[in-house]
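Please open the structure in your viewer and keep the selection tool at hand, since each stop on this tour begins with something to select.

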Amino acid sequence: MSTLRNNLVCQCYLTNNYYIEIKGQSYHITYLDEVHLREVTLSKLSLNLTEEEIKQILNELDTEKNRRLKVFCSSQERKQMILDKYVPKLIHVYTFKESYLDKKFLKLVSLCKDPTASNEDVFKSVEVIRGTKDMYRIPVFTQEFCTDLLNELENFKLSDMPKGRPNSMNHYGILLDEVGFYENLINPLRESYLDPVSSRLFFDYLKIPDKNSIDEQESKDEVTNSVKHHKYYSLDSQKAFIVNYKVGEDVDLAPHYDNSEITFNISLDGNVTTAATKNKNNEEIDIALSNFENGEVYFELKVGETALRYISLAHVKGSAIVHRGSLIHGAHPITRGNRSNMVIWARCSKIRNQKCPMCKSMPRLKEIPGIGDGFSI
Ligand SMILES: O=C(O)CCC(=O)C(=O)O
Ligand SMILES: [Fe+2]
């Protein structure tokens with residue numbers, strides 16, 4: 001039986017998916033070396049760049065390459081330092097409790113774990129995003145938990161602790177592993193709640209095919225204990241982080257796909273709260289209270305073979321937009337305020353062992369001194 005190894009990445013990590021902006025346009029490119037950049041990548045883009053502009057691009061790519069080379073060691077060092085020195089303000093948010101979860105979510109989880117419930121029963125009880133077959137909006141956290149978590153994250157941000165970046169497009173997020181959220185919060189949430197729900201909502205994608213040659217014992221091991229009515233590949237690890245957008249800092253996110261099989265993008269401060277107030281005639285009116293304006297997440301969906309369609313979704317506090325990581329998506333700019341989301345890139349080692357989600361090929365595995373990308377051998 002293969003086991004999850006915490007320290008494996010695909011070698012494409014060092015060469016693929018470099019995010020750069022050239023003349024106001026964003027690109028994800030492969031960076032091997034200067035010659036390849038000049039002769040292959042830039043010549044394909046036909047951008048008519050000056051020598052100075054090319055030097056500037058090379059400089060940015062080398063900085064990012066160096067960050068990637070060092071990132072695993074530095075992440076472990078930061079985690080240790082935070083563990084030793086950081087004083088949390090709200091310690092309870094680090095330990096999972098069911099009371100953090102929205103009652104509707106708890107009901108959904110029970111339904112998903114119920115062997116007598118059909119997949120149709122499950123689909124009837126969730127919001128499927130209009131015009132899609134497998135994108136959902138699901139309430140996950142209570143409003144109180146979101147507020148407490150944001151409060152604690154703000155305390156961390158204001159501290160003098162070292163901070164890593166979730167990825168090269170994002171400068172102000174927080175890596176939840178480094179701050180100590182995995183062991184008692186994110187892991188139990190994924191294992192006992194997100195995994196059984198995904199096994200139903202992404203049934204076709206995660207199910208173990210009948211003709212699969214895996215022997216009986218191995219397939220038993222891959223099924224979580226919680227759902228016994230059908231066999232599926234479980235989500236056995238994650239990369240979880242906070243994204244933050246603010247006018248004057250990062251305001252949007254360029255189109256990309258995730259290094260995940262299934263992504264849970266949970267809003268911690270979306271546009272839902274209303275408050276009663278009085279207008280100038282002393283009449284009670286409801287106003288929407290929101291931390292930010294605009295900033296929807298958008299998705300590029302294929303229609304037929306070639307046509308594309310875009311959908312934009314507003315974030316709702318406590319609710320997750322749940323989607324396949326391979327979908328191209330991004331975030332529209334916010335025009336006022338501040339928005340924070342918890343993003344969980346849930347990973348399924350059995351699926352990614354066959355095809356790395358970043359280079360879309362058989363992974364070329366490499367050991368690293370730190371937390372890897374959810375492969376197993
Ligand atoms: O901000 C959002 O809603 C999207 C975040 C996202 O796609 C990501 O971090 O991978
Ligand atoms: Fe994403």
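The tour below goes from the whole chain to a pair of helices, a strand residue, a loop and finally the ligand.

Begin with the whole chain, bearing in mind that this is a predicted model. A cartoon view will show nine helices and 18 strands, and if you colour the 377 residues by burial, 31% of them come out as buried. Of the contacts between residues at least 6 apart in sequence, 78% link residues that are at least 24 apart.

Next, select helix α3 (residues 103-113) together with helix α6 (residues 182-201), whose axes lie 9 Å apart and make an angle of about 60°; the two helices are therefore oblique to each other, and their crossing is left-handed. To see where they touch, show the side chains of Leu108, Val109, Cys112 and Lys113 on α3, which meet Tyr193, Pro196, Val197, Ser199 and Arg200 on α6. By character, the residues of this contact comprise six nonpolar, one polar and two charged.

Now move to strand β9 (residues 262-267) and pick Ile262. Is Ile262 buried or exposed? It has 27 C-beta neighbours inside 10 Å, and because 20 or more are enough for the term, Ile262 counts as buried. Beyond its neighbours within four places in sequence, Ile262 is in contact with Ser198, Phe202, Leu235, Val322, Arg324, Gly325 and Ala346. Add His323 to the selection and check the distance between the C-alpha atoms: Ile262 and His323 are 5.8 Å apart in space although 61 residues separate them in sequence.

For the following stop, select the loop between α1 (34-45) and α2 (51-85), where Ser46 is placed and where Asn48 is also found. Most residues other than glycine have a negative phi. Ser46, however, has a positive phi of about 35°, and phi of Asn48 is likewise positive, near 60°. Ser46 is exposed, with 7 other C-beta atoms within 10 Å, and Asn48, with 8 other C-beta atoms within 10 Å, is exposed as well.

Finally, centre the view on ligand 1 and display the residues that surround it, namely Val243, Leu253, Asp258, Asn265, Val297, His329, Ala331, Asn341 and Val343. Which elements give two or more residues to this shell? They are β16 (328-331) and β17 (334-347). Colouring the shell by residue character will separate it into five nonpolar, three polar and one charged.

Definitions and conventions:
Residues are numbered from 1 along each chain as its sequence is written. Chains are lettered from A and ligands numbered from 1 in the order in which they are written. This is a predicted model: local features need pLDDT of at least 70, side-chain atom pairs count only at pLDDT 80 or more; totals for chains, interfaces and linings use all residues. A residue is near a molecule or strand if its C-beta atom, placed from the backbone, lies within 6 Å of it. Helices (H or I, at least four residues) and strands (E, at least two) are DSSP runs, numbered from the N terminus. Ala, Val, Leu, Ile, Met, Phe, Trp, Tyr, Cys and Pro count as nonpolar, Asp, Glu, Lys and Arg as charged, and the others, Gly among them, as polar. A residue is buried if 20 or more other C-beta atoms lie within 10 Å of its own, exposed if 12 or fewer, and partly exposed in between; C-beta atoms are placed from the backbone. Two residues are in contact if their C-beta atoms, placed from the backbone, lie within 7 Å. Axes are lines fitted to C-alpha atoms, for helices over the stretch in contact, and angles run from 0 to 180 degrees between N-to-C directions. Angles under 35 degrees count as roughly parallel, over 145 as roughly antiparallel, 65 to 115 as roughly perpendicular and the rest as oblique. A crossing is left-handed if the near helix is turned anticlockwise from the far one by less than a right angle, and right-handed if clockwise.
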